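Good morning, colleagues. Please look at the sequence and the structure on the screen, and I shall then walk through the ligand site and several positions in the chain.

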Amino acid sequence: MDGGRVDQVLLAEPRGFCAGVDRAIEIVERALQRFGAPIYVRHEIVHNHFVVNNLKAKGAVFIEDLAEVPAGATLVFSAHGVSKAVRDEARERGFQVFDATCPLVTKVHVEVAKLSREGYEFLMIGHKGHPEVEGTMGQLSDGIYLVEDVADVAGVNPRGDKLAVVTQTTMSVDDAAAILAAIRQRFPQVREPKKQDICYATQNRQDAVKLMAPQVDVVIVVGSSTSSNSNRLRELAERLGTPAYMVDSAQDLQPQWFDGRPRAGLTAGASAPDILVQQVIERLRSFGATSVVRMKGVDESVHFPLPLGLGDRSMREVTSSRS
Ligand code: SF4
């Protein structure tokens, strides 16, 4: 092999699928089983190419605009959530809708709607153009201002004094804290959520990288380029001084990344399936890795129920009606 030899692999814990991603994929799979192909999905169900291609092969059709969905179709909203306008259009056109919005994103939508009725305007900490940000900001027709970094805070001009802050669930914990500090300084009266909006999975995966990065020479993040939380993991490792690369699959690994860097750290974004992690481990073994050590980390036991009509009982009904 050209390039460096890997000696040891440290596996971050936790890594990979979160409860919201698990649920979203299961919703599409169950909808396909129950209603048959095609099932239309607005936006990539989760930001992972392997997952999306797999579902495409089973009959899911991914669209960005509801104009592409024929009358009478079954439609799934992606885990990132949708704006009120999209939800209203889907209802008006009479689609059968299954909502795969992560319940932790829905919680933010509910908070925005509730506080808006109380007269609040909002600062949203997030990344422009991300579907979750579009969905959350799209809960209101106005009065919600995006702040992407500390510098943006100075440019916000709310109409009144009642201000609340909401955050994209997959932000960098450290960036969000710095932006929030700037918001507090400029708007000391700002209302903050009782429990921060950055989700448990984002927090835990970032904490695990903080623990792992100083112990390795290079960090590999399994995740697609569109995945916000995967990108944040790679950036975090780099900020901690460890070179880091994101790969969609084992084939993307470049031997020269390991030149003089025998200790590799491995993690995966919340939308990256474990099979891809296992394939990356196999490739690292072919680069010479003899030991794969799983780090200690937080145990995750979060599970979200499926929407009505796709739950366990429905599946039993499907199974028995076919037998
Ligand atoms: S990363 Fe967090 S908010 Fe996004 S789907 Fe997973 S649990 Fe939900």
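**The ligand and its surroundings**

Around the ligand are the residues C18, G20, V21, C102, L104, T169, T170, C199, Y200 and A270, where a residue is near a molecule if one of its heavy atoms lies within 4 Å of it. I should say at once that this is a predicted model, in which local features need pLDDT of at least 70 and side-chain atom pairs count only at pLDDT 80 or more, while totals for chains, interfaces and linings use all residues. Residues are numbered from 1 along each chain as its sequence is written, and side-chain values use heavy atoms, with hydrogens and water left out.

Of which classes is the shell around the ligand made? The shell has seven nonpolar residues, three polar ones and no charged ones. In this scheme Ala, Val, Leu, Ile, Met, Phe, Trp, Tyr, Cys and Pro count as nonpolar, Asp, Glu, Lys and Arg as charged, and the others, Gly among them, as polar.

As to location, the ligand sits in the largest cavity. A cavity is a set of points, on a 1 Å grid over the protein atoms alone, where a 1.4 Å probe fits but cannot get out. A molecule sits in it if more than half of its atoms lie within 2 Å of its grid points.

Next, the cysteines C18 and C102, which are both among the residues around the ligand. Are they buried or exposed? C18 has a relative accessible area of 13%, so it is buried, and C102, at 12%, therefore counts as buried too. Buried means under 20% relative accessible area, exposed over 50%, and partly exposed in between, with a 1.4 Å probe and protein chains only. A search of the whole structure finds zero disulfides, a disulfide being a pair of cysteine sulfur atoms within 2.5 Å.

T170, another residue of the ligand's surroundings, lies in the loop between β8 (163-167) and α7 (173-186). Helices (H or I, at least four residues) and strands (E, at least two) are DSSP runs, numbered from the N terminus. T170 is counted as buried because its relative accessibility is 12%. Its C-alpha atom is separated by 23 Å from that of N53, and the two are 117 residues apart along the chain.

**Helix α8**

Y200 brings us to helix α8, where Y200, A201, T202, N204, R205, Q206, A208, V209 and M212 are buried. Helix α8 has 13 residues (200-212), so at 1.5 Å a residue it should span 18 Å, and its end C-alpha atoms are indeed 18 Å apart. The expected span is 1.5 Å times one less than the number of residues. V209, in this helix, has a relative accessible area of 0% and is therefore buried. The C-alpha atoms of V209 and H80 are separated by 23 Å, with these positions 129 residues apart in numbering.

**Backbone features and other positions**

Two peptide bonds deserve attention. The bond from E13 to P14 is cis, with omega near -5 degrees, and P14 lies in the loop between β1 (8-11) and α1 (19-35). The bond from A37 to P38 is likewise cis, with omega near -5 degrees, and P38 is found in the loop between α1 and β2 (39-42).

H43 is not a glycine, yet it has a positive phi of about 75 degrees. H43 occupies the loop between β2 and α2 (49-58), and its relative accessible area is 13%, so it is buried.

Finally, G4 belongs to the segment before β1 and counts as buried because its relative accessibility is 8%. G4 and W257 are 253 residues apart in sequence, and their C-alpha atoms are 7.2 Å apart in space.

Note on methods. On a 1 Å grid over the protein atoms alone, a cavity is a set of points where a 1.4 Å probe fits but cannot get out, and a pocket is an open set with protein on both sides within 12 Å along at least five of seven lines; lining residues have an atom within 4 Å of a point.
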